[in-house]
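Please look over the sequence and the 3D view below before reading on. The briefing that follows begins with a question and then takes up a few topics in turn.

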Amino acid sequence: MIKNLTFVIATRKGSKRVKNKNIRKFGKTSLLEIKLKQIRRVFKNSKIFLSSDCTKSIKIGKKYNARIDVRPKKYASDKVPMKKVYSYLASKITSKYICYLHVTSPFLKDQTLKKAIKYFFRKKR
């Protein structure tokens, strides 16, 4: 079902409003781990690409067999437009399809994610 699809997650250190929001405790885990676990739970053998300048995020990503990209500072500041970050991320992916997931959406239901991907592949033809 998810042939030629990579799930992309981008985190960075240095959040201005909530310090270390992607890796700080959220319940018994972190926002990043919630998202990585969800992808592994719903799409067991899927490709995950994690781009970050945060060593702790990278360590967590490796635990879930994500392909790691140590993001250059140029694309890891709050000054760079997200359009440029997305272009950078897309240039690193070889899959035909990309699903970008935000770690700051911890309440996305497994079923909703699964339905969205199924819908996309059904309608893309």
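Does Asn 20 count as buried, partly exposed or exposed, and why? In this predicted model, Asn 20 has a relative accessibility of 37%, and because values between under 20% (buried) and over 50% (exposed) fall in the middle class, Asn 20 counts as partly exposed. The points below return to this residue after describing the chain as a whole.

**The chain as a whole**

- The protein chain contains 4 helices and 6 strands, and a reader who follows the sequence from its start meets them in the pattern β-β-β-α-β-α-β-α-β-α.
- The radius of gyration of the protein chain is 14 Å, which is close to the 14 Å given by the globule rule for 125 residues, and the chain is therefore as compact as a globular protein of that length.
- Measured out along the principal axes of the model, the C-alpha trace of the protein chain spans about 40 × 35 × 25 Å.
- Of the 125 residues in the protein chain, 45% are buried.
- If one takes the contacts in the protein chain between residues at least 6 apart in sequence, 67% of them join residues that are at least 24 apart.

**Two helices that pack together**

- Two packed helices are described by the angle between their axes and the distance between those axes.
- Helix H1, which covers residues 31-42, packs against helix H4, which covers residues 110-123, at an angle of about 60°, and their axes lie 10 Å apart.
- Since angles of 65 to 115 degrees would count as roughly perpendicular and those under 35 as roughly parallel, H1 and H4 are therefore oblique to each other.
- The crossing of H1 and H4 is right-handed, and the contact is made by Gln 38, Arg 41 and Val 42 on the side of H1, together with Asp 110, Leu 113 and Lys 114 on the side of H4.
- Sorted by character, the residues of this contact between H1 and H4 comprise 2 nonpolar, 1 polar and 3 charged.

**Two asparagines with positive phi**

- Asn 20 is not a glycine, yet it has a positive phi of about 55°, and Asn 20 lies in the loop that runs between strand E1 (5-10) and strand E2 (25-26).
- Asn 65 likewise has a positive phi of about 55° although it is not a glycine, and its place is in the loop between helix H2 (55-63) and strand E5 (67-70).
- Asn 65 has a relative accessibility of 63%, so it counts as exposed, whereas Asn 20, at 37%, counts as partly exposed.

Definitions and conventions
Residues numbered from 1 in each chain as written. Predicted model: local features only at pLDDT ≥ 70, side-chain atom pairs only at ≥ 80, totals over all residues. Heavy atoms only, no water. Axes fitted to C-alpha atoms, helices over the stretch in contact; angles between N-to-C directions. Parallel < 35°, antiparallel > 145°, perpendicular 65-115°, else oblique. Left-handed = near helix turned anticlockwise from the far one by under 90°. Contact = heavy atoms within 4.5 Å. Nonpolar A, V, L, I, M, F, W, Y, C, P; charged D, E, K, R; others polar. Rg over C-alpha atoms; globule rule 2.2 N^0.38 Å. Buried < 20%, exposed > 50% of the residue type's maximum accessible area, 1.4 Å probe, protein only.
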